[in-house]
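Hi,

Here is the structure I promised to pass on. Have a look at it first, and then read my notes below.

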Amino acid sequence: MKLFFASDLHGSLPATEKVLELYKASGAQYLVLLGDTLNHGPRNPIPEGYNPPVVADKLNEFASQIIAVRGNCDSEVDQMLLSFPMMMDYSWVLLPTGQRIFLTHGHLYNTNKRPPLNPGDVIAHGHTHIPVAEYQDEIFIFNPSSVTFPRDGYPASYGLYEDGLFSVVSFDGEVLKSGAL
């Protein structure tokens, strides 16, 4: 199984187009969106190419391949534009190895506030816009950062999971963080 992760698109059409281009080239079976998909939110500037309706149209072309969760900037109005569900605060993916990936945006559950997880499970979230791929207290923490508003000097990035390896990859192909289960 190969998964492609993106978070914090914030309605940026250029970032979304790049994500979809990279997703198609990756060969991943599913595109996992970790929230803050269409709206930029009141604390962020208006992103380059801000165009939520067109971003929604582009994402809807991949609706059957998307697993999405709600971010703190997502709302029922955003859901009206999307043909895939994204209003749940979390979702689960069960890996063939029996480990679970807990998918969430990061504003409710995150690295420091986790749901009940078993040793070796994964919590995947965005929200902080900072890449992470590491174990903490027997739980693997994964954050692909943001494709629109990366922080702390990191470039825009996305995440990949394949064969037990999680990687955070910049748009130019540099592996920023990685870790194995």
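Let me start with Asp 137, which is exposed, with a relative accessible area of 67%. Asp 137 sits in the loop between strand 7 (132-136) and strand 8 (139-143), and its phi is near 55°, a positive value in a residue other than glycine. Before you read much into that, bear in mind that this is a predicted model.

Asp 137 has a counterpart in Asp 8, where phi is near 60°, again positive in a residue other than glycine. As a reminder, most residues other than glycine have a negative phi. Is Asp 8 buried or exposed? Its relative accessibility is 0%, so Asp 8 counts as buried. You'll find Asp 8 in the loop between strand 1 and helix 1.

Now the overall picture. The protein chain has three helices and 11 strands. Reading from the N terminus, the order is β-α-β-α-β-α-β-β-β-β-β-β-β-β. For 181 residues, a compact globule would have a radius of gyration near 16 Å, and the 15 Å of the protein chain agrees with that. The C-alpha trace spans about 40 × 30 × 30 Å along its principal axes. Buried residues account for 54% of the 181 residues. Taking contacts between residues at least 6 apart in sequence, 53% join residues at least 24 apart.

On the outside, the accessible surface of the protein chain is about 8000 Å², with 51% of it belonging to carbon and sulfur atoms. There are 11 positive and 20 negative charges in the protein chain, and their mean positions are 2 Å apart.

Next, the inside. In soluble globular proteins, nonpolar side chains tend to be buried together. Here the largest nonpolar core has 27 residues, and those touching the most other members are Phe 4, Leu 31, Leu 33, Leu 59, Ile 66 and Phe 84. At least two residues of this core come from each of strand 1 (2-6), helix 1 (13-26), strand 2 (30-33), helix 2 (52-60), strand 3 (66-68) and strand 9 (157-162). Which element gives the most to this core? That is helix 1, with six residues. There is also a second, separate core of 18 residues, with Leu 3, Phe 142, Tyr 161 and Val 168 among them.

Phe 4 is a good place to zoom in. Leaving out residues up to four places away in sequence, Phe 4 touches, among others, Val 19, Leu 22, Tyr 23, Leu 31, Tyr 158 and Leu 160. Ser 26 is also one of the residues that Phe 4 touches. Ser 26 belongs to helix 1 and, at 14% relative accessibility, counts as buried. With the same sequence neighbours set aside, Ser 26 touches Lys 2, Phe 4 and Leu 160.

Last, a look at Met 87, in the loop between helix 3 (76-81) and strand 4 (90-94). Why does Met 87 count as partly exposed? Because its relative accessibility is 26%, and partly exposed covers what lies between the 20% and 50% cut-offs. Apart from neighbours within four places in sequence, Met 87 is in contact with Arg 70, Ser 75, Glu 76 and Gln 79. Gly 159, one of the residues touched by Phe 4, is 72 residues from Met 87 in sequence and 21 Å away in space, C-alpha to C-alpha.

Cheers

Note on methods:
Residues numbered from 1 in each chain as written. Predicted model: local features only at pLDDT ≥ 70, side-chain atom pairs only at ≥ 80, totals over all residues. Heavy atoms only, no water. Helix = DSSP H or I, 4+ residues; strand = E, 2+ residues; numbered from the N terminus. Rg over C-alpha atoms; globule rule 2.2 N^0.38 Å. Buried < 20%, exposed > 50% of the residue type's maximum accessible area, 1.4 Å probe, protein only. Contact = heavy atoms within 4.5 Å. Areas by Shrake-Rupley, 256 points an atom, 1.4 Å probe, with all protein chains shown as cover. Lys, Arg positive; Asp, Glu negative; His and termini not counted. Charge placed at Lys NZ, Arg CZ, Asp CG, Glu CD. Core = buried A, V, L, I, M, F, W, Y, C linked by side-chain atoms within 4.5 Å.
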